[in-house]
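This report goes through a few local features of one protein model. The sequence and the structure come first, and the notes follow.

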Amino acid sequence: MKLSYPVHTLDNQLLLPAGTVLSTETLEDLISSNKVTSYQAYPLLEYGMVKHDLLRQMIRPPYDLIFSSQERIAGVMTVLEKVNLIIPVLQSLDYFKRDDYHTYCHVLMVLALSTLIARDLLPDYRGWINEVSRGPTHDIGKICIPLHILKKATPLTKAEKSIIDHHSTAGYVLLSYLHKDYKNLAAIVARDHHERKDGSGVPRGIRLRDRMVEIIVVCDVYDALISPRPYRPVSYDNRTAIEEVTKMAEMNKIGWEVVKSLVAHNRKDKPRPSEVKVSREKRGTTPSLNFHGVVEEADSDS
Ligand SMILES: [Fe+2]
Ligand SMILES: [Fe+2]
């Protein structure tokens with residue numbers, strides 16, 4: 001992997017310049033350049049307004065269907081109460097809350113939803129949630145994207161699209177540095193959350209095999225569809241969003257088990273994921289105006 005753009009921290013410390021090849025040696029040198037012995041950690045739910053903001057998102061449709069009872073909300077909150085995050089990661093949440101509220105809500109809800117799905121599919125989900133949530137921030141690399149590009153409401157230029165696509169690699173570098181471990185699961189999730197099972201993803205086009213990362217992938221896509229976004233005046237309705245995720249499973253970009261779990265949580269009677277029959281019928285309507293992934297033909301800045 002080679003960096004196309006520089007990676008810096010929130011306080012503008014350059015970690016690696018553009019052009020750096022991410023070899024094991026480079027990553028080890030980067031980690032040993034971190035002179036902080038250990039960052040202070042703090043419970044996520046007690047930080048700022050996080051708990052309040054999370055609860056508010058859980059009652060927003062269609063999440064109100066997924067988190068449909070106090071018991072379900074309490075079940076997730078009990079797990080999240082144990083999540084402690086290091087200060088630089090919490091500061092990235094402050095940054096997103098202040099400057100890109102969509103990303104702030106997105107990382108919180110991907111964490112909450114992936115907790116529910118992980119509980120269905122992973123035997124040691126508590127251990128896993130704790131590890132991944134040391135950087136709930138599969139999208140932490142977005143701190144390296146200039147805000148005018150991150151929040152752009154019109155089609156991107158090729159160069160802007162490539163800066164946005166770089167956030168997974170940037171997140172990998174940032175979390176490897178902050179956790180002083182490039183094999184840390186949070187860093188791996190940041191790096192691989194835009195990869196797909198059939199190898200059609202980015203940045204490396206590897207075949208996604210890790211179940212934990214796959215859960216994040218599905219929650220990431222689903223939340224992005226049902227939530228407000230600058231590049232689209234209207235969000236996907238829930239039915240269409242689930243159909244989009246189902247299409248991805250039909251194309252072998254993600255696995256059926258994760259989709260079944262997502263569908264089960266979206267049903268009123270909350271069946272077991274293994275008992276869910278996913279409808280292949282496509283009756284949803286995608287938003288008519290949507291610039292997601294649309295790249296301007298004439299690239300004015302290249
Ligand atoms: Fe992302
Ligand atoms: Fe994301």
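Which residues are the protein donors of the iron ion (ligand 2)? They are His106 and His138, each through NE2, and Asp139 and Asp220, each through OD. The donors lie 2.0 to 2.3 Å from the ion. The model is a predicted one, and all values below are computed from it.

## Iron site

Along the chain, the donors of the iron ion (ligand 2) follow the spacing H-x31-H-D-x80-D. Two of these donors come from distant parts of the chain: His106 belongs to helix 6 (residues 101-121) and Asp220 to helix 12, 114 residues apart. His106 counts as buried because its relative accessibility is 3%. Asp220 has a relative accessible area of 6%, so this residue is buried too.

The angles among the four donor atoms run from 83 to 178°, and the site is classed as irregular. For reference, ideal angles at a metal are 109.5 degrees for four tetrahedral donors. A tetrahedral label would need all angles between 85 and 135 degrees, and the range of 83 to 178° at the iron ion (ligand 2) therefore does not fit it. A second metal is part of the picture: the iron ion (ligand 1) is 3.5 Å from the iron ion (ligand 2), and Asp139 coordinates both.

## Aromatic contacts

The structure holds five aromatic pairs. One of them is formed by Tyr63 and Tyr222, with 6.4 Å between the centres and 90° between the planes, an edge-to-face arrangement. This pair also links distant parts of the chain, since Tyr63 is in helix 3 (residues 63-66) and Tyr222 in helix 12 (residues 211-226), 159 residues apart. Both Tyr63 and Tyr222 are buried. Together with Phe67, these two tyrosines form one aromatic cluster.

A charged side chain also meets a ring in this model: Arg191 lies over the face of Tyr172, at 4.9 Å from the ring centre.

## Backbone

Most residues other than glycine have a negative phi, and most peptide bonds are trans. The following places depart from that pattern. Pro61 and Pro62 are joined by a cis peptide bond with omega at about 0°, and Pro62 sits in the loop between helix 2 (50-58) and helix 3. Another cis bond joins Val202 and Pro203, with omega at about 5°. Pro203 is placed in the loop between helix 11 (185-192) and helix 12.

Positive phi values occur at Lys180, near 55°, and at Asn252, about 60°. Lys180 is in the loop between helix 10 (167-179) and helix 11, while Asn252 is in the loop between helix 13 (238-250) and helix 14 (256-265). Lys180 counts as partly exposed because its relative accessible area is 30%. Asn252, at 40% relative accessibility, is likewise partly exposed.

## Largest pocket

The volume of the largest pocket is about 1000 Å³. The lining consists of 39 residues, and those closest to the centre are His194, Ala224, Tyr231, His292 and Gly293.

Which helix gives the most to the lining of the largest pocket? Helix 12 does, with four residues. The helices that each supply at least two residues of the lining are helix 6, helix 8 (147-150), helix 9 (158-165), helix 12 and helix 13. Helix 12 thus appears in several sections: it holds the iron donor Asp220, and Tyr222 of the edge-to-face pair is in helix 12 as well.

Definitions and conventions: Residues numbered from 1 in each chain as written. Chains lettered and ligands numbered in written order. Predicted model: local features only at pLDDT ≥ 70, side-chain atom pairs only at ≥ 80, totals over all residues. Heavy atoms only, no water. Phe/Tyr/Trp six-rings, centres within 6.5 Å; stacked < 30°, edge-to-face > 60°. Buried < 20%, exposed > 50% of the residue type's maximum accessible area, 1.4 Å probe, protein only. Lys NZ or Arg CZ within 6 Å of the ring centre and 35° of its normal. Donors = N, O, S within 2.8 Å, 3.2 Å for Na, K, Ca; no water. Tetrahedral: all angles 85-135°; square planar, octahedral: opposite > 155°, others 65-115°. 1 Å grid on protein atoms, 1.4 Å probe; cavity = no way out; pocket = protein on both sides within 12 Å on 5 of 7 lines; lining within 4 Å. Points joined across faces, edges and corners; volume = space filled by probe spheres on them.
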